[in-house]
Structures are given as structure tokens and as C-alpha cells.
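This report goes through a single protein chain, element by element. The sequence and the structure are shown here, and the description follows.

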Amino acid sequence: MTSSSAADGRVLFEVDPGRRIATITLNNPRRRNSYDAAMRDELARHLDTAAEDDDITVVLLRGAEGVFSTGADMNNAYGWYGEKSSNGSRSAHARPSQRRRLTVDRKSFGFYHNFMGYPKVTVGEIGGYALGGGFEMALMTDISVIARDTKIGMPATRFLGPALGSLHMFFHRLGPVVARRLLLTGDIIEAGAVEHLGVFTETCDPAALTARARYWAEKAARMPADGVVIAKEAFRLVEQSQAYQGEEVASYIFHAYGTNLQFAPGEFNFVKTRAEHGTKEAFRLRDQHFEVPEPDIR
């Protein structure tokens, strides 16, 4: 078994050539395996390495210390756009131009597009939290194994509204009812609540998660590698014709527009709140703002 990692060790790559399985681990547990642009780019490089290795049939994607991923790191909400001033210096508070947003969003959606159309079997070992971009990756895996108590959702809709992207994928994978519920409320729910809908390949007890994900990876790895590649291309053709035509472009365009929202009095502005109170307190205030008590119907 061979292994490697990024320079800072936040993305780990391990190959088991005897079983034809590569394992990629998001290794940022201090931030619940949230990722920044550098981590995402490193993940993409490891995916490319596995894709180009004829001896690998399956990629197992997981997170360190029992947490899959809480998505993009929001400690620097505009840091993803890498906005620079005219003199070349970076401004922490500068709002990026719309053209910059579109350029960066196109690259971001390119990553998810490539992951969806990936030529090897992808298996997700999903536990703890799968939120935001982490939830998107969980839904994009070919075979998804998730612990029943895993918290899933798109809380970023509470920053920008539901026009953030991958709308085609949410509707296709979740179904229109669950997709609308999660995107229009920003609710975080447990995976066990949608077990009956068959959103994930297998929903299991947390203690069994690693073993079950490994089981599915080893099972898929016994398939003919060339047959897998052909099937994956066929799957993508069917999905493109059924659900995705034109929607990928629409998704990143609307996301870029959405990141320049204007907020009315009484609406929650995460970026402004984060600047005033810090990220941790901004998350607390966000959830407090969106909390609506269930009605007492007794």
C-alpha cells in the first residue's frame, strides 16, 4: 500500500494496488474537514492521479475522525475569489467583481462536473456531517454509504438563498420535494430521516460505517475496469439528457449573481455579521435567526 499527502497534510492519498482501490481522505478535522481552494485543488489532483492509473478501479472518499465534510471553509467568505486591488495587494474586505465571481464559479463547477463524470467508481464513506459542498460530493458519489446520524443539508442557502448551484443535481438525486425543502429552508436533517427514499446506497449504524464503505469499495473493485469506464460514460449521457442540459451553466451563473445579493432590513446577512462578530458567532446568530418553534398542536 502506498500513500501520499498534500504539503500541509490536509488531503491524504493512499493506494491499495492489490485490491485496485485508492482512498482519499479529507484531513482537516479541526474544522470538521471543511476545505478551502487549496484543499479542493489537491483533492482534484489526487482524483486525476487515480483516474490515470489503470490499476485503480475504485476511489473511496472519506473524512478524517468520523466527519465527512462541512463544505467550503467560510472563515474567509470572499477568500475563494482571491480578489486583488489595482496595486496587486489582497484586500480581506473587498467585494469581488461579478466577472471575478463568474470566473471562479466556473472553475468550482468544473470540479464538481468532473467528479460527477469521473471514470472510476466513487464510493463515499459519509459520517458525522455532510454539509454544503460536502453534501454535494456525498450525493455525487456512485455508491454512498452514510451513517444514520449524519447531519446533511445546504445551510449555505441561509447566506445566499437557494440559487447557489448544482440545482440540477439536487433535484435529480434528492427529488423535487426533498430538494425544495432543504434549499428553501436551509434545514440540517439526519440521514436516517430520508433513509426510506433511497437517496443513499446504504444507510447504516455509525459503528458499521467504515466496514460497510470498504465492503462496497471491494465489491465494485472486482468489476471489469474497462466495463466500468464505459458504464460511467453511459450513465453520464443518460443524466445529461434527462436532467442536466443547460442547467450546469445556469447554476454557476445564478450562484455568481447570488453572491452579490442585497439584504433588506430584518434579513440575515452572514458576511456582514461575520465581519462584525467573527465566524463562530455568525454561525450561532444565523441559526438563531432561522429558528422557528414547531407549533404546539396538543
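## Strand β7 and its partners

In this predicted model, strand β7, which spans residues 143-147, is mostly covered, with five of its five residues buried. Its side chains are divided between two directions, I143, V145 and A147 pointing one way and S144 and I146 the other, and all of them are buried. In a regular strand the side chains alternate between the two faces of the sheet.

β7 pairs with strand β5 (residues 121-126) in the parallel sense, over four bridges, and in this pairing E125 stands opposite V145 of β7. β7 is also joined by three bridges to strand β10 (residues 202-204), again with the two strands running parallel, and here I146 stands opposite T203 of β10.

## The loop after β10

P206 is placed in the loop between β10 and α7, the latter comprising residues 209-221. With a relative accessibility of 45%, P206 counts as partly exposed, because this value lies between the 20% limit for buried and the 50% limit for exposed residues. P206 and I146 are separated by 60 residues in sequence, yet their C-alpha atoms are 8.0 Å apart in space. When residues up to four places away in sequence are not counted, P206 touches A147 and D149.

## Helix α3 and the three-stranded sheet

Helix α3 (residues 133-140) is likewise mostly covered, since eight of its eight residues are buried; among them are F135, E136, M137 and L139. The helix lies across β6 and β8, and runs at about 100° to β6.

Strands β6, β8 and β9 form an open sheet of three strands, in the order β6-β8-β9 and with mixed pairing. β6 (129-131) and β9 (188-190) each have a single partner strand and stand at the edges, so one side of each is left without a neighbour in the sheet. Neighbouring strands of this sheet are turned against each other by 25° on average, direction ignored. The pairing of strand β8 (residues 151-153) with β9 is antiparallel and extends over three bridges, one bridge partnership being that of G153 with I188 in β9.

## Helices α1 and α2

Two packed helices are described by the angle between their axes and the distance between the axes. For α1 and helix α2 (residues 98-116), the angle is about 35° and the axes are 11 Å apart, and α1 passes α2 in a left-handed crossing. In this contact, R40, D41, L43, A44 and L47 of α1 meet K107, S108, F111 and F115 of α2. The residues of the contact divide into five nonpolar, one polar and three charged.

## The loop between α1 and β4

T57 is found in the loop between α1 (37-51) and β4 (58-63). Its relative accessibility is 1%, and T57 therefore counts as buried. Leaving aside neighbours within four places in sequence, T57 is in contact with R20, K120, V121, A220, A221, M223, A225 and V228.

## The protein as a whole

The protein has 11 helices and 10 strands, and of its 298 residues, 46% count as buried. Among contacts between residues at least 6 apart in sequence, 69% join residues at least 24 apart. The accessible surface comes to about 15,200 Å², of which 53% belongs to carbon and sulfur atoms.

Conventions: Residues numbered from 1 in each chain as written. Predicted model: local features only at pLDDT ≥ 70, side-chain atom pairs only at ≥ 80, totals over all residues. Heavy atoms only, no water. Buried < 20%, exposed > 50% of the residue type's maximum accessible area, 1.4 Å probe, protein only. Contact = heavy atoms within 4.5 Å. Areas by Shrake-Rupley, 256 points an atom, 1.4 Å probe, with all protein chains shown as cover. Pairing = 2+ DSSP bridges. Axes fitted to C-alpha atoms, helices over the stretch in contact; angles between N-to-C directions. Left-handed = near helix turned anticlockwise from the far one by under 90°. Nonpolar A, V, L, I, M, F, W, Y, C, P; charged D, E, K, R; others polar.
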